[in-house]
Amino acid sequence: MRILVDADACPVKGIIVEAARQRGIPVTMVIDTSHEYDDGYSAVIVVAKGTDAADFKLANLAGKGDIVVTQDYGVAAMVLSRGARAVSQNGMIYSGDNIAGLLMGRHQNRVIRSAGGRTKGQGKRTRKQDKDFEEALLKLIADLGKNPYI
């Protein structure tokens with residue numbers, strides 16, 4: 001089991017590292033060249049700054065028994081197809097049951113914006129979101145600890 005993180009704009013890196021360090025789980029942070037990161041624990045992979053470069057790197061790294069932290073539904077869909085588990089920074093566990101609807105919603109919002117409409121953005125991050133994320137991450141770790149091929 002590894003935890004792979006879409007780390008460029010991830011607000012829960014500290015929670016991830018703390019949970020992983022306590023359990024001896026390796027962490028890999030994927031960032032592009034416009035960011036720097038060093039927490040003293042995680043491996044860091046730096047990719048060229050470009051559209052979806054970090055996303056494709058994450059998807060190619062992910063495999064059965066891994067946990068991927070991303071807020072990107074497209075990345076979540078790709079890693080799910082490779083047998084990894086995925087969770088958003090707000091604690092939503094992506095699955096085959098919800099990913100199609102999430103991708104459709106993303107597409108619909110894109111259509112609205114391209115037609116000049118506006119969609120609601122994310123509000124200010126809350127402690128509840130951090131707690132929800134930590135609970136979801138620990139659930140995935142526990143589930144994969146019991147059976148890494150679920």
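Leaving aside its neighbours within four places in sequence, which residues is A9 in contact with? I will come back to that at point 7, after a walk through the fold.

1. **The overall picture.** Please keep in mind that this is a predicted model. The protein's secondary structure comes to five helices and six strands. Reading along the sequence, you will meet them in the pattern β-α-β-β-α-β-α-β-β-α-α. Of the 150 residues, 36% count as buried. Among contacts between residues at least 6 apart in sequence, 47% join residues at least 24 apart.

2. **The sheet.** Six strands form an open sheet, and the order to follow on your screen is β3-β2-β1-β4-β5-β6, with mixed pairing. The edges are taken by β3 and β6 (93-94), each with a single partner strand, so one side of each is left without a neighbour in the sheet. Helix α1 packs on this sheet and touches β1, β2 and β4. The direction of α1 makes about 155 degrees with that of β2.

3. **Strands β1, β2 and β3.** It helps to take these three together. Strand β1 (residues 3-6) and strand β2 (residues 27-32) pair in the parallel sense, over four bridges. Here V5 has M29 of β2 as its bridge partner. On to the next pair: β2 and β3 also run parallel, joined by five bridges. In this case V30 has I45 of β3 as its bridge partner. Back in β1, the side chains split into two directions: I3 and V5 point one way, L4 and D6 the other. All four of these residues are buried, D6 included.

4. **Helix α1 and what it covers.** Which residues of α1 are buried? They include K13, I16, V17, A19 and A20. The buried residues of this helix pack against β1, β2, β4 (67-69) and α5. Just after the helix comes G24, with a positive phi near 70 degrees.

5. **Helix α1 against helix α5.** Two packed helices are described by the angle between their axes and the distance between the axes. For α1 (residues 13-23) and α5 (residues 127-146), the axes come within 10 Å and cross at roughly 30 degrees. That makes α1 roughly parallel to α5, and the crossing is right-handed. On the α1 side, the residues taking part are I15, I16, A19 and R23. They meet D130, F133, E134, L137, L138 and I141 of α5. Sorted by class, the contact has seven nonpolar, no polar and three charged residues. I16 and A19 are worth finding on your display, since both are named in this contact and both are buried.

6. **V47 and A48, side by side in sequence.** Are these two buried or exposed? V47 lies in strand β3 (residues 43-47), and at 11% relative accessibility it counts as buried. A48 has its place in the loop between β3 and α2 (53-61), and at 54% relative accessibility A48 counts as exposed. Not counting residues up to four places away in sequence, V47 touches V30, I31, D32, T33, A53, A54 and K57. With those same neighbours left out, A48 touches D32, T33 and A53. As for distances, V47 and V30 are 17 residues apart in sequence and 7.3 Å apart in space, C-alpha to C-alpha. A48 and I31 are also 17 residues apart along the chain, and their C-alpha atoms are separated by 8.7 Å.

7. **A9, as promised.** A9 sits in the loop between β1 and α1. With a relative accessible area of 54%, A9 is exposed. Leaving aside its neighbours within four places in sequence, A9 is in contact with Q71 and Q89. For another reference point, the C-alpha atoms of A9 and H35 are separated by 9.3 Å, and these residues are 26 apart along the chain.

Definitions and conventions
Residues numbered from 1 in each chain as written. Predicted model: local features only at pLDDT ≥ 70, side-chain atom pairs only at ≥ 80, totals over all residues. Heavy atoms only, no water. Axes fitted to C-alpha atoms, helices over the stretch in contact; angles between N-to-C directions. Parallel < 35°, antiparallel > 145°, perpendicular 65-115°, else oblique. Left-handed = near helix turned anticlockwise from the far one by under 90°. Contact = heavy atoms within 4.5 Å. Nonpolar A, V, L, I, M, F, W, Y, C, P; charged D, E, K, R; others polar. Buried < 20%, exposed > 50% of the residue type's maximum accessible area, 1.4 Å probe, protein only. Pairing = 2+ DSSP bridges.
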